[in-house]
Amino acid sequence: MNVGFLLYERALITGISLAAEMLSSAASLRSRTEQRQTPFSIKLIAPKLAPTKVTAGLRLQPDITYDDDQPFDVVILPPMWGNPLQSIRRSANIIPWLIKQHQKGAKLVATGTGVLWLAETGLLDHQVATTHWYYYDNFTARYPNITLNRQASITAANNLFCTTSINSQSEMILYLIAQHFGQSIANTIETHFGHEISKTNQQPFYQIGGQLQFDESIALAQEWMKRNLSHSITAQSVADHCGLPLRSFNRKFSDQVGQTPHQYLLRLRLEAAQQLLRDVGMSVQDVAEQVGYKDAYHFSTRFQKQFAITPTQYRRMVKAKTYKP
């Protein structure tokens with residue numbers, strides 16, 4: 001797996017560092033045979049080979065320039081601080097390079113205002129995209145041929161992935177890890193890095209892999225499920241709340257979210273449990289009840305199956321801030 005991170009003026013280093021650590025850690029968890037057969041590499045790409053100044057006055061050393069046409073499996077475009085158009089005007093040679101990478105089959109992942117690079121290529125025309133909330137109006141005015149989804153935290157269309165923030169970028173990276181290295185490794189990475197990612201402000205609609213228009217009823221369903229985690233929830237009760245027939249609700253939810261309502265609810269509950277174990281001094285039994293499990297043993301079994309670690313072990317790991325691959 002070859003991953004490229006783009007460097008340009010005003011790039012936020014957090015859009016590079018966390019994703020790079022997650023991906024490289026995931027690659028290192030493979031067997032030695034797999035690592036030999038399919039090597040993993042990360043390269044930094046910039047207009048020039050001279051150290052590139054990013055945010056906080058830091059400089060990163062590029063590996064190659066945009067004159068190099070080697071193919072990548074994944075190309076990641078970090079968000080930019082301030083006015084992104086200045087960076088775009090000063091590094092216009094990035095745009096044809098991105099088009100060539102996409103033509104060769106690369107997945108292009110852009111975060112926040114980094115999405116403007118994809119918009120400038122024309123590849124997002126007549127597709128659905130998202131960006132950072134503060135740039136919504138400017139984005140819509142500048143790119144009228146792109147359908148901006150203001151509810152989605154992630155959109156996907158034709159190997160073009162747009163994420164609103166570092167948090168949603170991290171969700172996207174986990175998705176890529178699962179695709180390339182398997183769900184078991186993705187679960188391990190989520191366990192060890194999940195406590196570094198705040199999800200309290202996650203937007204209500206999570207879209208992976210689809211090109212469908214946003215359906216407000218599905219966002220309503222997701223928000224209602226989040227607010228009622230401690231109660232008994234069935235697909236029928238959520239469908240009734242949204243005013244949809246059960247069959248239509250299940251189909252729409254799976255199409256737009258990429259998971260069944262049951263799978264999504266399980267994920268919500270376990271992520272909420274992680275946050276409570278991390279931030280609140282509740283007993284495991286109390287945490288279980290807060291996220292909808294009456295039986296602490298059943299909750300612990302589900303938690304361990306998802307994250308390969310018990311709730312108690314997870315709490316200890318987070319408090320110790322240790323990482324042991």
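Begin the tour of this predicted model by selecting Thr121, whose side chain reaches the backbone nitrogen of Leu123 at 3.1 Å. Thr121 lies in helix H5, which spans residues 115-121. Is Thr121 buried or exposed? With a relative accessible area of 13%, Thr121 counts as buried, because the cut-off for that class is under 20%. Now display the residues around Thr121: leaving aside neighbours within four places in sequence, Thr121 is in contact with Ile95, Leu98 and Ile99.

**Helix H4 and the sheet**

Next, select helix H4, residues 94-103. Helix H4 lies across five strands, namely S1 (2-6), S2, S6 (74-77), S7 (107-111) and S11 (160-163). Relative to S6, helix H4 runs at about 150°. Add helix H7, residues 166-181, which also packs on the sheet. Helix H7 touches S6, S7, S10 and S11, and its direction makes about 160° with that of S7.

With the helices hidden, the sheet itself can be followed. In what order do the strands of this open sheet run? The order is S5-S2-S1-S6-S7-S11-S10, a set of 7 strands with mixed pairing. Strand S5 (64-65) and strand S10 (154-157) each have a single partner strand, so they stand at the edges and one side of each is left without a neighbour in the sheet.

**From the S5 edge inward**

Select S5 together with strand S2, residues 41-46. These two strands pair in the parallel sense over 2 bridges. To locate one of the paired positions, select Ala46 and its bridge partner in S5, Thr65.

Moving inward, S2 also pairs with S1, again in the parallel sense, here over 5 bridges. Phe5 stands opposite Leu44 in S2.

Stay on strand S1 and select Asn2, which is found there. Asn2 is partly exposed, with a relative accessible area of 30%. Which residues does Asn2 touch, not counting those up to four places away in sequence? They are Ser41, Pro71, Phe72, Asp73 and Val74. With Ser41 there is a polar contact of 2.8 Å between the two side chains. Select Phe40 as well: the C-alpha atoms of Asn2 and Phe40 are separated by 5.9 Å, although the two residues are 38 residues apart along the chain.

**The S10 edge**

Now move to strand S10 and its partner S11, which pair in the antiparallel sense over 4 bridges. The two strands form a hairpin with 2 residues between them. In the turn, select Asn158, which has a positive phi of about 60°. For a paired position, select Thr155, whose bridge partner in S11 is Cys162.

Show the side chains of S10. Ile154 and Ala156 point one way from the strand, while Thr155 and Ala157 point the other way, and all are buried.

**From helix H7 to Arg267**

Return to helix H7 and select Glu171, which has its place there. Glu171 is buried, with a relative accessible area of 6%. Which side chain does that of Glu171 meet in a polar contact? It is the side chain of Arg267, at 2.8 Å.

**Helices H12 and H14**

Select helix H12 (residues 261-279) and helix H14 (residues 296-307). Two packed helices are described by the angle between their axes and the distance between the axes. For H12 and H14, the angle is about 95° and the axes are 11 Å apart. The two helices are therefore roughly perpendicular to each other.

To view the contact, select His262, Leu266, Leu270, Ala273, Gln274 and Leu277 on the H12 side. On the H14 side, select Phe299, Arg302, Phe303, Gln306 and Phe307, which these residues meet. By class, the contact contains 7 nonpolar, 3 polar and 1 charged residues.

**Last stop: Ala308**

Finally, select Ala308, found in the loop between H14 and helix H15 (311-320). Is Ala308 buried or exposed? Its relative accessible area is 62%, so Ala308 is exposed, the cut-off being over 50%. End by adding Met22 to the selection: Ala308 and Met22 are 286 residues apart in sequence, and their C-alpha atoms are 17 Å apart in space.

Conventions: Residues are numbered from 1 along each chain as its sequence is written. This is a predicted model: local features need pLDDT of at least 70, side-chain atom pairs count only at pLDDT 80 or more; totals for chains, interfaces and linings use all residues. Side-chain values use heavy atoms; hydrogens and water are left out. Two strands pair if DSSP finds at least two bridges between them. Contact means heavy atoms within 4.5 Å. Axes are lines fitted to C-alpha atoms, for helices over the stretch in contact, and angles run from 0 to 180 degrees between N-to-C directions. Buried means under 20% relative accessible area, exposed over 50%, partly exposed in between (1.4 Å probe, protein chains only). A polar contact is a pair of N or O atoms within 3.5 Å; within protein, one must be able to donate a hydrogen and the other to accept it, and residues adjacent in sequence count only if both atoms are side-chain atoms. Angles under 35 degrees count as roughly parallel, over 145 as roughly antiparallel, 65 to 115 as roughly perpendicular and the rest as oblique. Ala, Val, Leu, Ile, Met, Phe, Trp, Tyr, Cys and Pro count as nonpolar, Asp, Glu, Lys and Arg as charged, and the others, Gly among them, as polar.
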